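Please open the structure in your viewer and keep a selection tool at hand for the stops that follow.

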Amino acid sequence: MAETAEQVFDSVQEVLVDALGVDDEEITPQAKLVADLGAESIDFLDIVFRLEKAFGIKIDQSEMFPDNVLNDPQYVQDGKVTDTGMAELRNRLPHANLDEFDASRDVDDFSNVFTVDTVVKFVQTKLE
Amino acid sequence: MRWIWIDRILELEKAKRCVAIKNVSLAEDVLHDHFAATDRYPKTPVMPNTLIIEGMAQTAGILVGHANDFAEKVILAKISKARFTAAAYPGHCLRYTASIVRIDRTGASTTGTVERIDPATHESVPLAQIELMFSHIDRSRTNLAFPEHNFVFTDQLIDLLRQSGFAPAPGSTPAPGAIPTR
């Protein structure tokens with residue numbers, strides 16, 4: 001049986017509460033994993049492992065949180081993501097809203113792309 | 001300096017399970033400060049919970065390292081959960097059982113239990129539940145460069161494996177796949 005958006009959100013909420021040690025009410029769709037919920041690099045792997053278990057899916061960490069695009073000089077110049085880089089990110093992250101990031105393109109702002117809603121949408125695409 | 005908080009490995013099942021024991025002894029200096037006598041209380045030597053977590057990190061870390069024949073630098077990255085329900089005193093034996101929940105190229109998560117065994121009665125009491133995350137640091141997202149040599153699995157841990165009967169004969173170099181399960 002397909003899970004509703006609400007069911008997915010509830011399970012994602014549980015995963016994030018366990019992985020990040022935050023309270024239920026902090027997990028809003030707009031909450032940013034790093035800036036608002038204090039996620040660190042290892043937490044992304046923890047989240048991936050817990051999502052796999054919660055939803056019975058297989059996830060490659062780079063599918064949800066691509067880490068090699070921003071290290072590639074082809075995609076980043078002077079700390080800003082290039083047009084080619086943006087196209088690559090949009091291609092790799094169909095589950096993320098990149099519009100706000102597109103305005104600054106500063107690699108230091110990239111973590112803000114990962115919100116609770118991004119995770120929910122990612123899971124939904126994996127469940128389809 | 002010795003920073004080995006397990007004494008012997010009893011079981012090592014590749015990429016699945018590792019069981020280790022540690023005997024808590026008054027010969028360990030740390031117990032004399034934890035807790036030292038105060039004006040109100042006499043000296044109370046208790047095995048520090050932080051070091052019990054370290055013992056689990058070593059048990060689970062060996063399990064995670066062994067899964068890839070010690071090719072990866074396995075670093076404790078996160079204590080996901082550590083819940084203690086009893087304390088260990090000098091003379092007790094701690095039994096660590098670690099299992100891999102998930103492992104991939106970037107790291108692993110483990111779960112484990114610690115029991116306190118009283119050698120006088122052989123009674124076993126659940127002492128802790130500990131969940132850990134390990135990072136294969138060369139593949140981590142931090143993009144930092146680390147030394148080429150594997151500074152995690154040094155002679156200390158490899159010697160422990162050998163003394164427990166899991167490593168190659170003395171003098172031979174631990175090669176990928178060379179460490180058999182008992």
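Is the crossing of helix 1 of chain A and helix 2 of chain A left-handed or right-handed? The crossing is right-handed, a term used when the near helix is turned clockwise from the far one by less than a right angle. This is a predicted model, in which local features need pLDDT of at least 70 and side-chain atom pairs count only at pLDDT 80 or more, while totals for chains, interfaces and linings use all residues. Residues are numbered from 1 along each chain as its sequence is written, with chains lettered from A and ligands numbered from 1 in the order in which they are written.

Select residues 5-20 and 41-55 of chain A, helices 1 and 2 of that chain, helices being DSSP runs of H or I with at least four residues, numbered from the N terminus. They pack at an angle of about 140°, with their axes 9 Å apart. Among the residues that meet there are A:V15 and A:L16 from helix 1 and A:I47 and A:L51 from helix 2.

Move next to residues 49-67 of chain B, helix 2, which supplies eight residues, the largest share, to the largest nonpolar core. Such a core is a set of buried Ala, Val, Leu, Ile, Met, Phe, Trp, Tyr and Cys residues joined through C-beta atoms within 7 Å; buried means that 20 or more other C-beta atoms, placed from the backbone, lie within 10 Å of a residue's own. Of the 63 residues in this core, B:M56 and B:F134 touch the most other members. In helix 2 of chain B, 14 of the 19 residues are buried.

Finally, select A:V69, A:V81, A:L89 and A:A96, which are included in a second, separate core of five residues.

Definitions and conventions: Buried ≥ 20, exposed ≤ 12 C-beta atoms within 10 Å, placed from the backbone. Helix = DSSP H or I, 4+ residues; strand = E, 2+ residues; numbered from the N terminus. Axes fitted to C-alpha atoms, helices over the stretch in contact; angles between N-to-C directions. Contact = placed C-beta atoms within 7 Å.
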